[in-house]
Amino acid sequence: MGVMKVYGVARYMSVARVIVCLEEVGADYQVVPVDFAVGEHKTPAHLARNPFGLIPAFEDDDLVIFESRTISKYVLRKYKSSDTDDLLRENNLTESTLVDQWLDVEAHHYDPLVFHISYNAFVLPKIGGTGDQKLIDTNLEKLKKVLEVYEAQLSKTKYLAGNFISLADLSHFPATYYFMATPYANLFDNYPHVKAWWENLMTRPSLKKAAAGMFPVA
Ligand code: GS8
């Protein structure tokens, strides 16, 4: 059995999501760089791993997959050690369904807004580009409604899917980590339970490890 391979660059948000999970389970893995500068993500070799020409792609022996949340679930399922540590809660129908629900919320309500704010307000300026201020402003406005929903949920339970940490929480890490380095980070001050949830998440060693491979935020 070869070592699992993540094709991509650790500082990219979708790649960081997978790295968090690999760190959570203590797996042996290798990040195989994909050089965007020379268009390596559009080569036949990479398109065979991710037909959309995006990162990450992932390889575990004969299994070749893409989509960071799918890869994350694969890693967690493969290394599941005990029911209580299971970040997908797969032995409990109700809990695993709530994990799925909040993972969908992250993917469809939260990430499409925060990813683009973080990319335009933090990543692009960092790599010499200029962010789209109109897009940032529109997304910030929409984000307030989403954070109201999060505030209500996190006033009831410690984590999104319940009083247990899950992939649904961890999946918020990459975009939120960069968001907190934008001038808009203080938006979270209006949602005290969300802010406390985030600060608590950031104490997790897997997130610190993934953060070490990302753009420095200070
Ligand atoms: C998104 C992949 C993606 O956008 C997933 O894996 O979760 N839904 C997919 N990848 C970006 C980098 S993410 O920070 C990417 O590959 N961008 C390169 C490009 O747009 O050419």
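**Loops, ligand site and core of a predicted model**

Q: Which exposure class does E67 fall into?
A: The relative accessibility of E67 is 44%. This is a predicted model, so the value is computed from predicted coordinates. Buried needs under 20% and exposed needs over 50%. E67 therefore counts as partly exposed.

Q: What phi does E67 take, although it is not a glycine?
A: E67 sits in the loop between β4 and α3 (68-78). The residue is also among those surrounding the ligand. Its phi is positive although E67 is not a glycine, at about 80°.

Q: Which loop holds D61?
A: D61 is not a glycine, yet its phi is positive, about 50°. The residue is partly exposed, with a relative accessible area of 40%. Its place is the loop between β3 and β4 (63-66).

Q: Which residue does a cis peptide bond join to I55?
A: The omega of this bond is about 5°. The partner of I55 lies in the loop between α2 (44-47) and β3 (57-60). I55 and this partner both belong to the ligand surroundings. The residue joined to I55 is P56.

Q: Which residue has a polar side-chain atom 2.6 Å from an oxygen atom of the ligand?
A: The surroundings of the ligand include Y12, S14, F36, L54, R69 and F115. M13 offers a polar backbone atom, 3.0 Å from a ligand oxygen. In H41, an N or O atom of the side chain is 3.5 Å from a ligand oxygen. The 2.6 Å pair belongs to S68.

Q: What is the end-to-end C-alpha reach of helix α1 (residues 13-25)?
A: Helix α1 has 13 residues. At 1.5 Å a residue, 18 Å is expected. The reach from first C-alpha to last is close to that, at 19 Å.

Q: Which residue just after α1 takes a positive phi?
A: Within α1, the buried residues are M13, V15, A16, R17, V18, I19, V20, C21 and L22. Just after the helix, phi turns positive, at about 65°. The residue is G26.

Q: Which helix gives the largest share of the largest nonpolar core?
A: This core has 69 residues. Those with the most contacts inside it are L143, Y150, F173 and F179. The largest share is 11 residues, and it comes from helix α4 (residues 93-126).

Q: Which residues does L143 touch, beyond four places away in sequence?
A: L143 is one of the residues with the most contacts inside the largest core. Contact here means heavy atoms within 4.5 Å. With residues up to four places away left out, L143 touches Y110, L113, V114, I117, F179 and L187.

Q: Which side chain makes a polar contact of 2.7 Å with that of T176?
A: T176 is in helix α7 (residues 173-179). At 0% relative accessibility, T176 is buried. Beyond four places in sequence, its contacts include V114, F188 and W198. The 2.7 Å polar contact joins its side chain to that of Y110.

Q: How far apart are the end C-alpha atoms of residues 92-218?
A: UniProt, in an unreviewed entry, places the feature "domain: GST C-terminal" at these residues. The chain here is 69% helix and 0% strand. The end C-alpha atoms lie apart by 40 Å.

Technical notes:
Residues are numbered from 1 along each chain as its sequence is written. This is a predicted model: local features need pLDDT of at least 70, side-chain atom pairs count only at pLDDT 80 or more; totals for chains, interfaces and linings use all residues. Side-chain values use heavy atoms; hydrogens and water are left out. Helices (H or I, at least four residues) and strands (E, at least two) are DSSP runs, numbered from the N terminus. The expected span of a helix is 1.5 Å times one less than its number of residues. Buried means under 20% relative accessible area, exposed over 50%, partly exposed in between (1.4 Å probe, protein chains only). UniProt positions are given in the numbering used here, feature names are shortened, and annotations may be inferred rather than shown by experiment. A nonpolar core is a set of buried Ala, Val, Leu, Ile, Met, Phe, Trp, Tyr and Cys residues joined through side-chain atoms within 4.5 Å. A residue is near a molecule or strand if one of its heavy atoms lies within 4 Å of it. A polar contact is a pair of N or O atoms within 3.5 Å; within protein, one must be able to donate a hydrogen and the other to accept it, and residues adjacent in sequence count only if both atoms are side-chain atoms.
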